[in-house]
Amino acid sequence: MRHLLLVLLWVLAGCGGGTAPVPIQTGFAEFGQSKIYYEVAGEGDPTVILIHGGMLDNTMWDEQFALLAKSHRVVRYDASAHGRSALPPEAYWDHADLRGLMDHLQIEQAALVGLSMGGRVAIDMALEEPARVIGLVAVSPGLGGYRFASEYHVENRKMMIAGWKSGDFDTVVEAFQREWTDGPNRRPEEVDPRIRERVRLMARATVQSVMEGRSLQPPAIERLAELDVPMLVVVGELDMPGIHEIADLLVEADPNAELITVPGVAHMVNLEAPEEFDRVLVEYLQRF
C-alpha cells in the first residue's frame with residue numbers, strides 16, 4: 001500500500017531568498033517482506049538514486065538531494081532495518097530491495113550513487129541488473145565478499161561487538177565513529193565536531209535494530225570481471241586501507257571505471273568535503 005505526502009524542500013544550498021520550493025513525494029514501497037521509506041524530488045534525466053551507508057540513513061544525502069533536484073529526478077531511501085524502513089522478519093538482499101523500489105517507482109534505468117554499504121548495494125545491482133544501471137558512483141565503497149583485516153578494524157570491531165552484547169550502544173556508536181568517521185589516521189578531536197555529531201545521531205537511531213542484507217552468491221568480489229558499467233570511484237585520502245584496496249580492485253576490473261581521491265577526508269566524503277564532492281558528482285552525471 002502506498003502512502004504519499006507532499007512536503008517542500010528548498011533546493012539551493014543555504015536556502016537563499018527567492019528560491020522556489022520543490023515538492024517532495026514521500027512514501028513507503030511495500031513488496032514481499034520489505035517496507036522501504038523513500039523520497040523523490042525534481043525532474044530531469046537521468047534519474048539518480050542515492051543509497052546511504054550502513055548504520056546511517058537517507059538524511060546523509062541532504063545536501064546532494066537538494067542540489068540534484070534542480071536538474072534530475074532524484075530518489076533517496078532508507079535501506080531495510082535503517083531509518084524509517086522496516087526490519088524484515090527474515091534474511092533479505094539489499095539489491096533486491098533496490099530493484100523492488102525501482103519497480104514501485106516505475107524507474108526503468110537510473111544512475112546509482114552509493115556510499116560504503118550503499119556502494120556495495122549499487123555494485124550488486126550493476127552485476128545483477130546491468131541494463132537498469134546507466135552509471136554508478138561508488139563512494140568509499142564496500143564490496144560483497146571483501147573481508148577487512150587491518151588491526152585497526154579488528155580492534156574497533158571487538159569494541160562494537162562487546163558493546164552490542166552488553167547493551168552499551170553508545171560504545172558501539174563511538175567504535176563505529178572511530179573507524180568510519182575519524183579513520184585510522186586521525187584522533188576524534190581532529191574531525192569537525194559537527195560531522196561527528198551528525199553521524200552519531202544517525203548511527204544512534206539505528207544501532208539497536210541495524211542489520212545488513214545478504215550479498216550476492218557468489219559475492220561481487222568473485223564477479224568483478226563482469227562489471228561493465230560506467231563507474232566513478234570516489235575515496236577519501238584518510239579512509240581505511242581496505243576501502244582503498246576495494247577501490248583499486250574496482251578500477252582494475254572495470255574498463256569503464258575512474259578513481260578520484262579526495263584529500264584530507266576519510267570515509268564520509270560527501271559530509272566532510274561537500275563542495276568538492278558535489279562538483280565531481282555533478283560533472284560526472286552530466287555525461288549521461
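The buried residues of helix H2 (94-104) are covered by surroundings that include strands S2 (21-31), S3 (34-41), S4 (48-51), S5 (74-77) and S6 (110-115) together with helix H3 (117-128). Here, covering rests on contact, meaning heavy atoms within 4.5 Å, and buried means under 20% relative accessible area, with exposed over 50% and partly exposed in between (1.4 Å probe, protein chains only). Helices (H or I, at least four residues) and strands (E, at least two) are DSSP runs numbered from the N terminus. The model is predicted: local features need pLDDT of at least 70, side-chain atom pairs count only at pLDDT 80 or more, and totals for chains, interfaces and linings use all residues. Residues are numbered from 1 along each chain as its sequence is written, and side-chain values use heavy atoms, with hydrogens and water left out.

Helix H2 is largely enclosed by the rest of the structure, because 8 of its 11 residues are buried. These are Asp94, His95, Asp97, Leu98, Gly100, Leu101, Met102 and His104. Just after H2 comes Gln106, which takes a positive phi of about 55 degrees although it is not a glycine. Gln106 lies in the loop between H2 and S6, and at 73% relative accessibility it counts as exposed.

A positive phi also turns up at Met55, again a residue other than glycine, with a value near 65 degrees. Met55 sits in the loop between S4 and helix H1 (62-68). In contrast to the exposed Gln106, Met55 is buried, with a relative accessible area of 5%. Met55 is also one of the residues touched by Phe176. Not counting residues up to four places away in sequence, the other contacts of Phe176 are Gly54, Leu56, Met160, Thr181, Val199, Ala203 and Met268.

Phe176 leads on to the nonpolar core, a set of buried Ala, Val, Leu, Ile, Met, Phe, Trp, Tyr and Cys residues joined through side-chain atoms within 4.5 Å. The largest such core has 85 residues, and those with the most contacts inside it are Ile49, Tyr77, Leu98, Val113, Leu136, Phe176 and Leu250. Helix H3 supplies the largest share of this core, 7 residues. Leu98 is also among the buried residues of H2.

Two cis peptide bonds complete the picture. One joins Asp45 and Pro46, with omega about -5 degrees, and Pro46 is found in the loop between S3 and S4. Another joins Gln217 and Pro218, where omega is about -5 degrees; Pro218 is placed in the loop between helix H6 (193-206) and strand S8 (231-236).
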